[in-house]
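Colleague: Could you take a close look at one part of this chain for me, and then set it in its surroundings? I would like to hear about the side chains as well as the backbone.

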Amino acid sequence: MQLNNSQFLANSTNKNFIYREIEVAIRSSLTVDDCVVIERQTQKRKQELVAYVVPSGLFAPEQLLFHLQTILPSELMPTALVPVSTIPLTVTGQLDKAALANLEVIESNLMRRIEEQLESLSEIERVKVVVEPFVISVPPVHLEDLLDETQAMPPVTSPKIAPEHSQQNIQANTFSQKIENKNPSFSKKLAISYGEPLQYSKDASKTLQEVLQRTAQNSTKGIIYIQSDGSEKVQSYRELWQDAQRILAGLRKLGLKPQDKVIFQLEDNQDFICAFWGCVLGGFVPVPVSIAPSYEPVNSTASKLQNAWQMLGKPIVLTSASLAPNIDGFFRLLNLENFQIATIDQLRECEPDFKLHQSQPEDLAILLLTSGSTGIPKCVILNHRNLLSMTAGLVSMGHFSSQESVLNWMPLDHVGALVSLSIMAVSLGCQQIHVTTDLIVQNPLKWLDLIDKHQATISWAPNFAFSLICDALGDVSYGTLRERYQAFDIERQKWDLSSMKFIINAGEPIVTKTAGEALLPKALVPVSGIPLTATGEVDELALINIPVIDESLIGQVEKQLNYHHKIEQAVVVVQELRKKILPLHLSDLIPGWQHQNASANLTPLPKDSQSNTQQYFSESKPLAISHGDILRSDRNAPITLPEVLQKAVQQVASGEIIYLLPDGTELRQSYAELLEVAERILSGLRKLGLKPKNKVILQIELSCDIIPAFWGCLLGGFVPVIMEVPPTYRESNKVVDKLCYIWQFLDSPVILTTEALKQEVELLSQWLPTERLNIGTIEVLKCNPVSKQYHHSQPDEVALFNLTSGSTGIQKCVQLTHKNLIIRARGANQLNQHEREDVILNWLPFDHIGSISDWHIRGIVLGCTLVYAQKEYILGRILNWLDLIHKYRITHSWSPNFAYAIVNDSLKQEPEQTWNLSCVKFLLTAGEAVSSKAVEDFRENLVVYGLKTTAIRPAFGMAEMGSGITYYQPIKEAPLLFHRVEKSRFQGTIKRV
């Protein structure tokens, strides 16, 4: 996603639409669950944008800002990010702006001004201002402030009050006395309710390992696993012990050591419990993480997995064979390296390992992630003593025994399900039943069925489940599948629930009665996106036109069908009726496509799309993929980039590069001179200690220094990473943040810069975990002797790293090999019929893949003349671009769409020009969305100066592909061709409008 709204901001008065654009960009970050952007007035009466953000995990504003800076133009960047636990709403469901206005926001430049003031003092060398929340200490409320005297003062003789606390209770004052005495030193008991002291037997287990071992030896009971289809699997504690030993062996084979972390992504209850005890036996630390509904970057649960994995130092992820491909794809999608996935199925194939780790009571036993209901999820550390004390306390309080039957249907990654029920049941040696969550949610009364069937004595659920039971008992259909449970069946059902003596209601607030039906939506309608009007408001008309099924209608139809004497039971299911729309083929879109591809067996789309449909699809048609010609074979073609430059030097005596400095000064360099300078830089880089495959970050401003440095790296087998030079190194900004991130990502590489920038680059150390950076300067490197000892590169070796823009949400560091770059360059030259006589002009920065690959490497492969201008020279006056085309008789140049639009505007201010643009073969437009109006106006404005009508060439490329991969090939009948399609059809069959 790349939002370029400079013109929109200048012309639009609709702020709502702008805020929606920013909110979409913020929500695209994996670190954000929700957000809202509003405008506020500073103390100096200036307007600034503030983003109120609900983090999906730990709030990392630097990471979020880095993400936004890659996809938002500077004018859309929020000046402040304020973390909130939730977006506040009014009673009518509208955004509560008053509540947000009450949240304190640090003025954007306040910290910087304070730092500057402090650094101006002679006594201070360097200072950093840090913002921390000021927490007002609120005195605790005592129980007797909330309860009346009789409730707050239990009798001293109560068996629940320990003897040592009796005197404290006797001395407690009544509520009326407390009101009269307002002395803060007034003596009163702590507002803590103490249970009875735990009574430990001498032979009590001190670790979880001892608990399972004792139960496996002494108990004849075990675990019943109830599957989604209602079937049951039974596992004794002895079998659990043996299964855990196999898993222990498998984990050790993976190289795990005691106290290593293991992230659980296990949806099957039996897999989870066996894996948990396998970790316990080996001293490994399980970290249960919820199963994501889909493993995509936009999913908050999947984001939680990513955050946990990174926070815990990239531990192994244990999952099932069915989930492993999804998790593997998720990690690869995010370009996460060094991830290791193991499947529980493979671990079970190992022979049991009887050598158990001897854990200690204080050893870490499990890490549990909290829900984040208070704003930020926490990773809770629990040791063996914690867990066994908790379960012992539950057993003592409830007077539980080995005769209990524990029933759980909540996910085992929840502390209540795992600790309060499962571990406690193992410690008791009693029966435990685990049910898949979906089975109960889809049919809540099955909870009662299972209590009755297994005579369960202990169970638990959050408050919502009790509400579902109540609703089910009062309705003829209920559950997420609206499974029928007829009223007469409920009346006839004689549950025996007398066995149940302990049902825990926990995990969410307990309410005496759930909200009335009036507050509940009558229907849930899935849509691919919320439609907006041209002014950025919700398009209610579009939503009204979406058909909504009346829920009462479903019930009426079911009722009528069930009354029919030939129907025993009927369920009505609503399915979407999709109209079948024939797909468009390239031959339907591009004039002359069939003629250009005469060898293909094409069948045109029938005019009457409703007739002969079956015949149309049964006929052979090529795939709608446009293939270029086969790359012509050339045995003498170089296979590595150093060979490319060497061949150009040997075969193209006239080949040269013309560098235009920011002031327009001209500097010429032949290919031979370029190679000589690169050979000197090679010597200098080796003196800095570089070895082949070492990375080198280029922080250089001028093209005349970037190009020789680039080739010097290639000659030595070093991997250059050309990066944008920030406006300043003295303070944090998006370019500095990106630079620091890549420096750490690439393991502290050498930074190559200029003497003028060296001291500034050294300031990066304030943002990095190092006191001294390894920095070289281009001026020093050029003074070294020539080295002809090149590294013998291979075609499949990485030649350069290029950073993507992050327009799809996550910035990637793309590795491109010699083979990638050379074959793409040769293919582009062949497709576009480039010639050695061409004269190329580039003014875009070389950190862009298009500039370094398509407009430099391709040019060297071709052996043509290259003209390089600095972007400041062109952007300072955009018509300088056309001046240079005229002066140097440029045949090929390029720019993103915005430059074409600026030229159109500038020609209105300077209409009288004397250019001769007949030399131009084509001007590429790429790098961002192409506006039909901008390029068509550009062509019409410049035709009078001799520009060919077929000169404009839209193209598309990706850094991952080494630059351009598709180029429009114009014909006189269609010099420019734009296809307008229905936007809502992007997710399915494309439809023209």
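What follows is a walk from one strand residue out to the rest of the chain.

Modeller: Happy to! Please keep in mind that this is a predicted model. Let me start with I840, which sits in strand β26, residues 839–842. With a relative accessible area of 1%, I840 is buried, because the cut-off for that label is under 20%. What does I840 touch, leaving aside residues up to four places away in sequence? The list is W855, R858, G859, C864, T865, L866, V867, I890 and H892. One of these partners, T865, is 25 residues from I840 in sequence, yet their C-alpha atoms are 6.3 Å apart in space.

Two other partners of I840, W855 and R858, also have an arrangement of their own. R858 lies over the face of W855, at 5.2 Å from the ring centre.

T865 brings us to strand β27, residues 865–869, which also holds Y868. The ring of Y868 pairs with that of Y659; the centres are 6.3 Å apart and the planes meet at 45°, so the pair counts as tilted. Y659 belongs to strand β18, residues 656–660, and the pair links parts of the chain that are 209 residues apart. Are these two tyrosines buried or exposed? Y659 is buried at a relative accessible area of 2%, and Y868 is buried too, at 0%.

This ring pair has company, as a search of the whole structure finds 20 aromatic pairs. Among them is the pair of F264 and F272, which is edge-to-face, with 5.3 Å from centre to centre and 85° between the planes. Both F264 and F272 are buried. Elsewhere, ring pairs join Y295, W309, F330, F331 and F339 into a cluster.

Further along the chain comes helix α38, residues 932–942. Its buried residues are S932, A934, V935, F938, R939 and L942. The cover over them includes α36 (880–887), α37 (897–909), β29 (922–925) and β30 (952–958). As background, an α-helix has 3.6 residues a turn, so residues three or four places apart point the same way. Helix α19, residues 445–454, can be read in a similar manner: L445, W447, L448, L450, I451 and H454 are buried there. After α19 comes Q455, with a positive phi near 50°.

Now for the charged side chains. The whole structure has 24 salt bridges by the same kind of search. In one of them, E679 pairs with K788, and the closest N and O atoms are 2.9 Å apart. E679 lies in helix α28 (residues 671–687) and K788 in the loop between α32 (778–782) and β24 (798–803), so this pair ties together parts that are 109 residues apart in sequence. The two ends sit in contrasting settings: E679 is buried at 2% relative accessibility, whereas K788 is exposed at 55%.

The loop between α15 (344–347) and β10 (364–369) takes part in another salt bridge, through D353. Its partner is R252, with 2.9 Å between the closest N and O atoms. R252 lies in helix α11 (residues 237–253), and the two residues are 101 residues apart. R252 is partly exposed, with a relative accessible area of 28%. E362 is found in that loop as well, and forms a salt bridge with R385, whose closest N and O atoms are 2.3 Å apart. R385 belongs to helix α16 (residues 384–398), 23 residues from E362. Here R385 is partly exposed at 43%, and E362 is partly exposed at 48%. Toward another part of the sequence, E23, R27 and D34 are linked in a network of salt bridges.

The surface has a nonpolar feature too. V525, V527, I530, L532, V538 and V548 form a patch with about 450 Å² of accessible area together. Within this patch, V527 is found in the loop between β17 (502–505) and α22 (540–544), and is partly exposed at 37% relative accessibility.

Finally, here is the wider setting. The protein chain has 38 helices and 31 strands, and 44% of its 993 residues count as buried. Of the contacts with a separation of 6 or more, 70% come from residues 24 or more positions apart. The accessible surface is about 53,800 Å², with 53% of it belonging to carbon and sulfur atoms.

Definitions and conventions
Residues are numbered from 1 along each chain as its sequence is written. This is a predicted model: local features need pLDDT of at least 70, side-chain atom pairs count only at pLDDT 80 or more; totals for chains, interfaces and linings use all residues. Side-chain values use heavy atoms; hydrogens and water are left out. Patches are made of residues with over 30% relative accessible area and no salt bridge: like charges are joined within 9 Å, nonpolar side chains (Val, Leu, Ile, Met, Phe, Trp, Tyr) within 5 Å. Accessible areas come from the Shrake-Rupley method with a 1.4 Å probe; for residues, only the protein chains shown count as cover. A salt bridge is a side-chain nitrogen of Lys or Arg within 4 Å of a carboxyl oxygen of Asp or Glu. Helices (H or I, at least four residues) and strands (E, at least two) are DSSP runs, numbered from the N terminus. Buried means under 20% relative accessible area, exposed over 50%, partly exposed in between (1.4 Å probe, protein chains only). Rings of Phe, Tyr and Trp (its six-membered ring) pair if their centres lie within 6.5 Å; planes under 30 degrees apart count as stacked, over 60 as edge-to-face and the rest as tilted. A charge sits over a ring if NZ of Lys or CZ of Arg is within 6 Å of the ring centre and within 35 degrees of the ring normal. Contact means heavy atoms within 4.5 Å.
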